[in-house]
Amino acid sequence: MGSIASVLAQRIALGLLLLFLVSLLIFVGTILLPGDVAQQILGQSATPEALANLREELGVNRPPVERYLDWLGGLLTGDLGTALTSGQDINEAIGRRLANTLFLAFWAAIIAVPLAIFLGLLAVRYRDRWPDKSISATTLTTISMPEFVIGYILMFILGVKLNWFSPTAVGYRPDADLLTRLDSIAIPILVLTLVVLAHMMRMTRAAILNVMQSAYIETAELKGLTRFAVISRHAFPNSISPVINVIMLNLAYLVVGVVVVEVVFVYPGMGQYLVDHVTKRDIPVVQACGMIFATIYIGLNLIADLVSILANPRLRHPR
Amino acid sequence: MFVRIPFAAIIGICFTLSFFLIALFAPLIAPYGYDEVVSNGFWEPATSEFLLGTDGIGRDLLSRMIYGLRTTIWIATLATILSFTTGSVLGFLAAVMGGWIDQALSRFVDLLMSIPSLIFALVILSITPITILILILVMGLLDATRVYRLARAVAVDINVMDYVEAAKLRGENRWWIIFREILPNALSPLVAEMGLRFIFAVLFISTLSFLGLGIQPPQADLGGIVKENAEGLTYGIGAALYPAITIAILAISVNLVADWILSRTTSLKGGRG
């Protein structure tokens, strides 16, 4: 047992190291790029005083290492700084929006995960027949569409023409009752579901097919086990790990989909906040949001990693 | 040798070809200029004069979309070329050199791939001026990471083949080995991957423009045209759907072609997604 714990600890440490490097990358990416940052933010017509003030505020005159350590220290103690454009506290703004984003992603995941596993199993069960073929055709189509295209098509049909749900999430209030909240984000949930469903189904299908084609399943079938016993004793335990892996990777993918979908439906979440402030060139906000998105993404990938190690004894002993 | 081409691939090839031809001859095909205001009304329905109607400020939607398609394809092609040359040259180099160069490059690529491309692109675009050159550089270099992984994986396999050993013993230098021994043998999986990278570039630039961080008006690519007309959707005007669906059809057709090429080179599976 000791070896598992140490392998897990090692992975977690690697994840933390990765996060540290990512923070460095995000910081360096917004600092060392060519051009005068202050000039970029204020435009060509800025007065010299305004430029000097902004440079002071950005701390451009201080050495980069010192600024990075300040910023990192702030991150670690949970202080994300203040927004340049509005002077607002970033923690406060993000706290509210992060909750909204997680609410949206949570409901999309609740629908997408069981559906994807079910359809993936269906595709395996009827392999190369029409259910499998139509599932892979749909998959190909949704993979080829950017999130905003699916978003607008569904918004137009379901929201505007049929008027089943509210077309945008403008009216979303976090303190309204659950049903009202769900109505205003019904179409965004559907869009996100479609976006991750395709990937998840494809990967679930591949993962389970991989297990079903292995030699031990054939052995189990040949020694006369019932179909149920083959699946419950041999196929199921071996496919948990790849399937959980698939789920985690797609939840990570959801994090990116959320950015675009929030902009399409004017939903007050993290994604919209990030895009808004990229346009306004509000660097502290962009850094903070970028770091949070990256942390969630890396965290989910790390969980996928840990689960596969726990479920697959062969991975417990690294080469 | 006669190859039977599956029906889906034929459709894909036809559509892809016509999209590229339209993009190439856009000024000859488009009835009006891309930012020429041709009408006083806005979001007028389709007529024989304006085949898809007009956009929010009275420009011919069809003409604007034809030029938009040209911009999208042009940028996506350049980004794909950039990601391919950088990704495959570095990938081959890492495979041939091995040692610390391989380690450094591979770990750096791991790091870049640990953040979603869109988020990283947004972080960079918050500070750089948004020009076409910078968009191509950002997209091309972020995407080069995936090409790098594939190229390196393929080249590592080829690098231990007898003919490469023979070339090394002959005393050929590294560039000979990369370009004359490895490249010809790695070409088919890389070509299949190229289609997927192109689609990714199309979706990426469309998304960036849609978010207002890509091509800046009055110029527009397909994603930008969706953004311009999106407001009309809530009033029941479907103008934004035409460019949106065009993006989808473009991506699906290239995908059909790429899938077909991929299924013909199944011996080496490329990293998808």
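Me: Before we start, what does buried mean here?
Reply: Buried means under 20% relative accessible area. Keep in mind that this is a predicted model.

Me: OK. Which residues of H12(A) are buried?
Reply: Met270(A), Gly271(A), Gln272(A), Tyr273(A), Leu274(A), Val275(A), His277(A) and Val278(A). That is eight of the ten residues in the helix, so the rest of the structure largely encloses it.

Me: What do they pack against?
Reply: In chain A, helices H5 (90–125), H11 (227–264) and H13 (283–311). Helix H5 (117–125) of chain B joins in.

Me: What does Arg281(A) do just after H12(A)?
Reply: Arg281(A) takes a positive phi, about 55°.

Me: Switching to chain B. How many helices and strands?
Reply: Ten helices and zero strands. Of its 273 residues, 52% count as buried. The C-alpha trace spans about 75 × 50 × 30 Å along its principal axes.

Me: And the interface, how much do chain B and chain A bury between them?
Reply: About 3,800 Å², with 81% of it on carbon and sulfur atoms. On the chain B side, Ser126(B), Ile127(B) and Phe210(B) lose the most area to chain A. Together they make up 16% of what that side buries. In residue terms, 44 from chain B are in contact with 43 from chain A.

Me: How many salt bridges across that interface?
Reply: Zero by the rule used. Over all chains, the structure holds eleven.

Me: Take Arg107(B). What does it form a salt bridge with?
Reply: Asp110(B), with the closest N and O atoms 3.0 Å apart. Both lie in helix H4 (residues 99–113) of chain B, three residues apart, about one turn.

Me: Why does that spacing work in a helix?
Reply: An α-helix has 3.6 residues a turn, so residues three or four places apart point the same way.

Me: Is Arg107(B) buried or exposed?
Reply: In between: Arg107(B) is partly exposed, at 45% relative accessible area. Asp110(B) is partly exposed too, at 26%.

Me: What about Glu193(B), what is its partner?
Reply: Arg197(B), 3.1 Å between the closest N and O atoms. The two sit four residues apart in helix H8 of chain B. Both are buried.

Me: And Glu181(B)? Which side chain does it meet?
Reply: Arg170(B), in a salt bridge of 3.6 Å, N to O. Glu181(B) is in helix H8 (residues 174–210) and Arg170(B) in helix H7 (residues 162–170), eleven residues apart. Glu181(B) is buried, at 11%.

Me: Last one. Which residues are linked in a network of salt bridges?
Reply: Arg59(B), Arg64(B) and Glu228(B).

Key: Residues numbered from 1 in each chain as written. Chains lettered and ligands numbered in written order. Predicted model: local features only at pLDDT ≥ 70, side-chain atom pairs only at ≥ 80, totals over all residues. Heavy atoms only, no water. Buried < 20%, exposed > 50% of the residue type's maximum accessible area, 1.4 Å probe, protein only. Contact = heavy atoms within 4.5 Å. Buried area = accessible area lost by both parts, 1.4 Å probe. Salt bridge = Lys/Arg side-chain N within 4 Å of Asp/Glu carboxyl O.
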